[in-house]
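Biologist: Hi! Could you walk me through how some of the strands pair up here, taking it slowly for a first-year?

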Amino acid sequence: MEWNKMPYTSFDNYILRTPLMPVGFFSKLMAESSVDNEKLKLQFENPVVKEAVFLASPVLYREIVKWTEGKIKEDKEAEKIKLSFLKYLTRMASRPTPFGLFAGCGLGSFSDENNIRNTDYTRNKRHTRLDMNFVGALNQLFTSDANIREQLRYYPNTSLYFIGDQIRYVECLYKNGNRIHHLVEIETSDYIRDCVEKARQGISKGVLIEQLISDEITKEEATDFIDELIDNQLLVSEMELSVSGEEFIGQTLKILKKLKGVDTLVDLLEETAVKIAELDRTMGNDPEVYTELIETLRRFEIPFDEKYIFQTDMILNADRNVLAPETTLPLQKAIVFLNKITPKNDNPQLQKFTEKFRQRYEDREVPLALVLDNELGIGYPVNNYKGGMNSLLNNINLPGVGRQRPKEVRWAAIDSILYRKMQEARENKSEVIRMTDEDVKGLEASWDDLPDTFSVTTEMINGSEQQQFVIRSVGGSGAANLMGRFCLGDAGIDQHARKIIRAEEQLNPDKLVSEIIHLPENRVGNVLMRPDFRQFEIPYLGASAKPTENQLLINDLLVSVKSGKIVLRSRKHNKEILPRLTNAHNYSYNALPVYHFLCDLQTQGKRGGLYFNWGVHRDECDFLPRVEYDGIILSKAKWKITAKEMEEINTIDTVSGLPEIKKWREKRQIPDHVVLVEGDNKLLLNLENITSFRMLVSAVAKRNVFELEEFLCGDETIVSGKGSDHFANEFIFSFFKTMPK
């Protein structure tokens with residue numbers, strides 16, 4: 001069989017993700033035709049629910065408290081609070097994607113049986129740290145303190161590079177608490193070059209000043225000069241924010257404890273660490289404990305938003321978490337099928353870069369910083385720089401600009417297959433399309449354009465005869481990406497991620513597989529934070545805890561194009577570099593050129609994933625049937641609903657209107673349980689419950705069109721719990737390329 005030829009092997013472990021509550025929790029909430037207010041208020045008495053809501057939104061938590069105490073008098077406001085609380089409770093029982101205490105993850109392993117039993121949710125583990133938004137404000141406080149500043153060691157800005165008599169670098173500024181960047185250019189001098197060179201290994205301000213003093217330069221002049229370099233961020237301190245290695249409190253205490261006159265700050269930071277550790281001993285802390293901790297943090301005397309103080313991840317503490325290896329065999333067969341139907345899709349930005357590079361630099365090897373300079377080089381993405389645009393042209397109307405262009409449709413071989421299948425489904429009045437190997441007989445699976453490791457995210461539901469997979473995604477630039485931020489909170493997940501990373505390094509023994517260290521903005525740091533996984537790191541506006549010899553600085557990197565391939569090389573090590581970003585950051589949005597380029601380079605010549613895609617049919621059909629291959633669900637059934645369609649029924653707000661909703665559902669053949677899809681967010685609905693329906697109306701009030709998706713997870717699943725409890729789930733199975741013999 002062809003799937004046996006798949007040159008990838010599964011790792012010995014997998015990641016299980018489940019919500020806090022079992023599916024039955026949602027079923028009980030929706031058992032009647034509407035959700036009773038008192039029944040809903042009763043859920044708020046659960047300490048774990050209270051804490052989960054508080055961590056997600058302190059503002060909503062306080063509003064719910066008022067509502068449960070009868071202090072909200074306006075019906076409209078009370079309804080809004082009720083539906084918001086119901087959304088949270090629904091997510092808490094239906095969506096496995098980790099989020100605060102609403103859902104978590106845990107490590108599983110392959111054994112001789114399928115046996116997954118979640119412990120009582122109050123016994124789950126948790127990991128809390130300061131939110132990176134608060135960390136940014138705290139870091140500003142420390143680095144602006146005159147006493148601390150005098151004692152810190154300083155290094156060159158990691159974005160700094162020389163071009164002739166000029167220095168260019170990126171400066172980080174804070175506007176309304178947000179971290180923003182802009183490019184700075186200054187004229188260099190022998191003094192600046194000398195200071196930058198002396199700071200390569202780290203140097204104190206005092207030593208730099210002493211080395212500048214001469215017959216021509218007084219101590220006062222030298223001090224002013226070094227202060228100016230620091231103020232303008234040509235030199236940055238050892239306390240620069242990092243998203244790799246030890247978390248902020250630990251990193252900062254190590255530095256502060258070496259300094260003089262900071263005992264008060266050290267004591268306060270240690271007190272904070274102890275109180276956070278105390279929180280992690282319990283599921284269901286009274287929110288008043290957080291209030292006391294917040295008062296402790298106020299002693300730092302910095303402004304902050306209470307919404308962005310704590311970042312908590314939940315780690316499942318399952319009683320048993322094993323699967324039989326043969327369970328995943330159907331999954332491997334589906335991977336081969338998806339491989340055949342997924343088109344080649346080289347990154348167009350990298351293709352444009354390659355073409356432009358060859359036109360301008362031909363076969364030369366050029367410093368990366370120069371190539372990516374938007375003014376002097378070719379930038380990245382190519383032709384995306386708007387800095388030179390003349391604002392006088394903004395209001396000039398050009399012929400044809402702004403008019404709606406005809407839609408370009410590309411019809412692939414798979415589109416023809418799907419069109420035929422959909423026609424057959426309509427004729428047979430079937431809501432399921434079944435794909436077979438015969439349908440893709442002429443298509444070949446290609447394995448050379450897949451990454452060294454990749455993950456498969458899948459749901460497992462109870463099929464008619466056996467467990468059935470619902471594939472959510474296949475791919476990623478590396479299999480450890482989806483677990484990176486959880487490794488600091490769980491040793492087992494950390495060990496699993498490191499096995500994946502070691503496999504990637506073994507598959508590339510002659511290259512430097514290097515971690516990209518960059519903090520675009522503070523809050524993103526909550527996703528980016530992970531251990532220092534790799535031997536080498538590429539720091540770019542983010543501190544690296546690695547020794548300087550293991551840091552690959554931007555001014556050390558050279559880029560060339562050889563045989564149509566972009567090659568990144570370290571001048572110092574004389575080796576090719578493979579950049580890696582081991583987390584789930586959606587890096588392409590508003591990214592700096594260097595960061596964007598390095599991250600894109602991970603997938604050079606690789607398909608971004610293997611997937612089923614409705615292609616041209618998605619926008620044209622108001623119903624898309626479920627798609628299965630050999631019992632594996634590749635795509636759930638979907639319904640497109642327009643605002644005009646909702647106008648006819650969205651005024652219903654009493655139980656007496658349920659028959660009308662049922663008529664609409666029968667007309668569109670929509671089941672009672674569906675999921676509202678809003679980008680990455682999904683909300684489970686029971687359309688036989690009027691309160692749940694009002695929740696839908698509230699969520700889509702300002703949308704012209706929205707999508708509903710079938711919900712296939714019943715009250716019984718492969719993941720059991722206490723008594724008759726069962727949980728919605730996601731599994732992340734990871735694969736590595738088999739070493740060539």
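Modeller: Sure, here is a stroll through two groups of strands. This is a predicted model, where local features need pLDDT of at least 70, side-chain atom pairs need 80 or more, and totals for chains, interfaces and linings use all residues. Residues count from 1 along each chain as its sequence is written, and side-chain values use heavy atoms, leaving out hydrogens and water.

Let's start with E17, a strand (a DSSP run of E, at least two residues, numbered from the N terminus) that covers residues 512-517. E17 is mostly covered, with six of its six residues buried (under 20% relative accessible area, 1.4 Å probe, protein chains only). To pair, two strands need at least two DSSP bridges between them. E17 has four bridges to E21, residues 575-580, and that pairing is parallel. Another four bridges link E17 to E18, residues 536-539, and these two strands also run parallel. Now zoom in on Ser-514: it stands opposite Pro-579 in E21, and Ser-514 stands opposite Phe-536 in E18 too.

Next comes an antiparallel group. Five strands form an open sheet here, and walking across it you'd meet E23, E26, E29, E27 and E28, in that order, with antiparallel pairing. E23 (623-624) and E28 (681-686) sit at the edges with a single partner strand each, so one side of each has no neighbour in the sheet. What is E28 paired with, and over how many bridges? It's E27, residues 673-678: the two pair in the antiparallel sense over six bridges. Along that pairing, Leu-676 stands opposite Leu-683 in E28.

Methods
Buried < 20%, exposed > 50% of the residue type's maximum accessible area, 1.4 Å probe, protein only.
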